[in-house]
Every structure is written in C-alpha cells, then in structure tokens.
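Q: I'm new to this one and would like a close look at a single spot. Could you pick a position, tell me how buried or exposed it is, and then show me how it fits into the rest?

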Amino acid sequence: MTLERNDEDGAKSNEKGKVKNFVHQPVLLNEIVQALPVASDGVFFDLTVGGAGHLEELVKHSAPGASLYGLDRDSLAVAVATERLSTYPQVKRIINAPFSTFSQVIRELEIETISGALLDLGVSSPQIDWAERGFSFQGEAPLDMRMDSRQTLTASELVNELDATELASLFWKYGEEKRSRRIASAIVASRETQVIDTTGALRKVISSTVGPANLTRTLARIFQALRIAVNRELDELESVLPQVIDSLRVGGKVAVISYHSLEDRIVKQTFARYSGACVCPPGMPICACGAHKELQPLTKKPIGASEEEVKSNPRSRSAKLRIAERIALSRRG
Ligand SMILES: C[S@@+](CC[C@H](N)C(=O)[O-])C[C@H]1O[C@@H](n2cnc3c(N)ncnc32)[C@H](O)[C@@H]1O
C-alpha cells in the first residue's frame with residue numbers, strides 16, 4: 001500500500017506517481033483494431049478508456065481525419081489516458097463520466113453520429129492491484145470498491161446495512177455463490193459486535209464460515225458480487241448499449257469485451273433485440289413487438305483470447321468479444 005501524505009502537495013505527487021505506474025495490458029488488442037473502422041474518417045469512442053492501451057493502438061491505426069474520444073468514470077484512468085494520448089492530434093477529449101450518460105456526453109460535444117465504439121468492461125489491473133481501492137480480497141484496505149470516487153455508495157455500506165435476505169440475494173445474483181445465505185447470515189451476526197469495514201475483516205468472516213476448501217473462489221465470487229452492486233455495473237451496461245447503437249451511423253460498429261456471463265448475456269440479448277429477433281411472449285399469434293433489423297451481429301459466437309494471449313495475460317482467460325454493425329436506422333425516428 002502506498003503511503004499518502006495528508007496535504008495537497010503530497011496528494012498531488014502521489015497521484016502523479018500513480019499515473020506513471022498505471023499498467024494495464026489490453027485484451028484482444030489486434031481483434032479490436034480489426035473490428036473498428038478507424039482507418040476511415042469518423043468519430044470513435046472508447047467508453048472504458050482505462051490506461052488507454054486499446055485507444056492508443058486504435059489511434060495509431062486511424063485516418064488523419066478521424067476523431068477519437070475516451071471516457072471513463074475513474075478519474076485516475078482519465079488522468080493516465082490524457083497524459084498518454086496528449087501528442088496525438090486525432091484524440092479530441094478524454095471525459096470523466098459514467099458511460100450510462102453517453103447520449104448526454106455526445107449531445108454536449110455536438111456529435112450526431114459515431115462510426116465506432118468500444119466497451120472493455122470490468123475493472124483495470126490497477127483498480128484491482130492497488131489494494132487501497134478495496135476491490136481485492138487480498139491485503140488490508142477500506143471496503144470501498146468505487147470506480148468513481150465521486151459516488152457515495154461503498155461496499156462497506158452494503159455489507160453493514162443490507163439485511164441478511166438482501167445480502168444473500170446480492171451474492172447469489174451477482175456472484176452465483178451457492179452458500180450465499182450462510183455467508184450473509186454470518187456477516188449479519190458478525191457486524192452486531194463490530195462493523196465490517198475492511199477487506200480483511202470481510203475475508204475473515206467468509207473464511208470462518210466456509211472453511212479452507214475453495215476459499216479463494218468463494219472470496220472471488222463475493223467480492224465480484226459486491227463490486228457489481230456498488231458500481232451498478234449491469235444497470236450501466238443495460239443503459240449504455242441502446243444509447244451507443246442508436247448513435248451509430250449505418251456501417252458503424254460496436255465492439256464489447258465482457259468478462260463474465262451476466263455481462264455477456266446482456267450484450268448478446270441487446271444485440272439480438274436490435275437484430276430483429278422477436279421478443280413477444282411465447283404463444284402470441286402474430287408479432288406485436290415491432291421487431292426491426294437495425295443491427296447485424298458479426299460474431300455468432302463470441303471471440304475469446306488465444307492460448308498464447310492467455311499465457312502472457314491470464315486476465316484475458318474469461319474475455320468474450322462481441323461485435324455488431326449498424327445496418328439500418330431505427331423506425332422510431
Ligand atoms: C478493463 S478496463 C479498460 C482498460 C482499457 N481498455 C485499456 O486498454 O487500458 C475497464 C475500465 O472501464 C471503466 N468503467 C467500468 N464501468 C464503467 C462505466 N459504467 N462508465 C465509465 N467507465 C467505466 C473502469 O473504470 C476501467 O477503467
């Protein structure tokens with residue numbers, strides 16, 4: 001854990017150090033460069049810019065007349081990406097915002113349509129590796145897990161304020177944890193004597209409840225569930241995809257890399273909905289949902305990382321890339 005001095009200069013130098021040491025290896029890099037038509041003029045958005053690994057590679061392959069934008073809700077990622085991309089004239093702005101505000105962001109930038117968008121979901125390596133952010137079940141840190149430090153809700157609040165039923169349902173829904181009820185009851189019992197406000201304290205309650213067998217996997221599932229809830233990750237994804245698809249010009253493409261089945265299901269179903277798949281309840285005599293084909297999924301099955309990539313970057317193991325192309329405008333006008 002880095003030592004932080006409690007004065008302004010100290011905070012600034014600490015932030016600078018972090019910008020320098022922000023290392024995230026982008027996943028499926030060549031596949032992303034091939035997926036998005038950056039070699040032609042147009043507007044492109046990386047909505048999860050992180051350390052700008054993908055965006056820098058996209059810029060290097062872009063036409064001189066292309067305009068590229070990055071966005072992230074983590075202010076540190078925005079600082080890193082801004083510094084890394086400062087010499088490229090095609091990079092117009094790096095914006096600090098949640099991607100669910102995408103329509104508003106482009107409206108304010110007076111952008112009507114875009115030619116491509118990338119979403120590389122989940123967390124960056126520094127978010128996990130820097131223990132003080134509270135995402136990791138290893139180490140000792142405040143139970144925080146916020147990607148956006150302007151947000152008030154933290155993992156500590158959820159762990160200490162939800163009742164046993166709510167906690168169990170969160171662990172089941174977002175972590176698919178089979179012992180969710182047992183763990184939730186143990187948390188509620190334990191916090192009666194002491195608040196659980198550090199990653200270490202939560203780890204201790206979980207390990208004393210489930211024992212050593214499969215402990216690491218259980219911890220990973222519980223921490224993942226809390227992270228998804230704190231950052232409302234699935235709501236954010238459900239909200240951004242239609243906004244991105246609606247903003248694509250015909251011929252424009254969207255590429256999404258997801259890291260677990262809950263995310264991939266949302267991507268797959270949203271692409272299907274925009275591809276004319278009827279979503280009427282079973283048994284309807286005729287289609288009444290107005291199914292209309294505006295999007296062509298280009299990946300019937302999602303693209304995964306090669307064995308070689310997984311060896312050099314284990315984080316890529318669970319990556320699934322889906323790509324789709326806008327083929328018609330919406331009937332909604
Ligand atoms: C896997 S990292 C992206 C890494 C990036 N592609 C690179 O090459 O460095 C995911 C990033 O998305 C950001 N993020 C996740 N959910 C977000 C949301 N709803 N709005 C904006 N940014 C988000 C995280 O803060 C994180 O920086």
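A: Let's start with the yardstick: a residue counts as buried if 20 or more other C-beta atoms lie within 10 Å of its own, as exposed if 12 or fewer do, and as partly exposed in between. Keep in mind that this is a predicted model.

The spot I'd pick is arginine 232. Arginine 232 has 15 C-beta neighbours inside 10 Å, so it goes down as partly exposed. As for where to find it, look in the loop between α11 (215-230) and α12 (233-247). The backbone there has a quirk too: phi of arginine 232 is positive, about 45°, even though the residue is not a glycine.

That loop is also a good place to think about domains. The domain assignment gives domain 1 as two pieces, 8-126 and 233-326, and domain 2 as 152-230. Put that next to the loop: domain 2 stops at 230 and the second piece of domain 1 begins at 233, while arginine 232 sits in the loop joining α11 and α12. The C-alpha centres of the two domains lie 30 Å apart.

Another positive phi turns up at glutamate 176, where the angle is near 50° and the residue is again not a glycine. Glutamate 176 belongs to the loop between α8 (164-175) and α9 (180-191). With 14 other C-beta atoms within 10 Å, glutamate 176 is partly exposed, because that count falls between the two cut-offs.

What about a spot inside a helix? Alanine 201 lies in α10, residues 199-210. Its count is 19 C-beta neighbours inside 10 Å, so alanine 201 is still partly exposed: buried starts at 20. Its C-alpha atom is 10.0 Å from that of isoleucine 187, which is 14 residues away along the chain.

Now for the later part of the chain. Histidine 260 is in the loop between β5 (248-258) and α13 (261-274), and it is partly exposed, with 17 other C-beta atoms within 10 Å. Its C-alpha lies 7.7 Å from that of alanine 319, although 59 residues separate the pair along the chain. Threonine 299, in the loop between β6 (295-297) and α14 (307-312), is partly exposed as well, with 17 other C-beta atoms within 10 Å. Leaving aside residues up to four places away in sequence, threonine 299 touches Leu321, Arg322 and Ile323. From tyrosine 259, 40 residues off in sequence, its C-alpha is 16 Å away.

Let's zoom out. The chain has 14 helices and 7 strands. Its radius of gyration is 21 Å, close to the 20 Å that the globule rule gives for 333 residues, so the chain is as compact as a globular protein of that length. Buried residues make up 41% of the 333. Of the contacts between residues at least 6 apart in sequence, 68% join residues at least 24 apart.

There's a ligand too, with 20 residues around it; Pro26, Thr48, Gly50, Gly51 and Gly53 are the closest. Sorted by kind, that shell has 7 nonpolar, 8 polar and 5 charged residues.

And how confident is the prediction? The mean pLDDT is 92, with 94% of residues at 70 or more. Residues 1-13 are where to be careful: pLDDT there is below 50, and the stretch has 8 contacts in the model beyond near neighbours in sequence.

How values were computed:
Residues are numbered from 1 along each chain as its sequence is written. This is a predicted model: local features need pLDDT of at least 70, side-chain atom pairs count only at pLDDT 80 or more; totals for chains, interfaces and linings use all residues. Helices (H or I, at least four residues) and strands (E, at least two) are DSSP runs, numbered from the N terminus. The radius of gyration is taken over C-alpha atoms; the globule rule is 2.2 Å times the number of residues to the power 0.38. Two residues are in contact if their C-beta atoms, placed from the backbone, lie within 7 Å. A residue is near a molecule or strand if its C-beta atom, placed from the backbone, lies within 6 Å of it. Ala, Val, Leu, Ile, Met, Phe, Trp, Tyr, Cys and Pro count as nonpolar, Asp, Glu, Lys and Arg as charged, and the others, Gly among them, as polar. Domain bounds come from an automatic or database domain assignment. pLDDT is the predictor's confidence in each residue, from 0 to 100.
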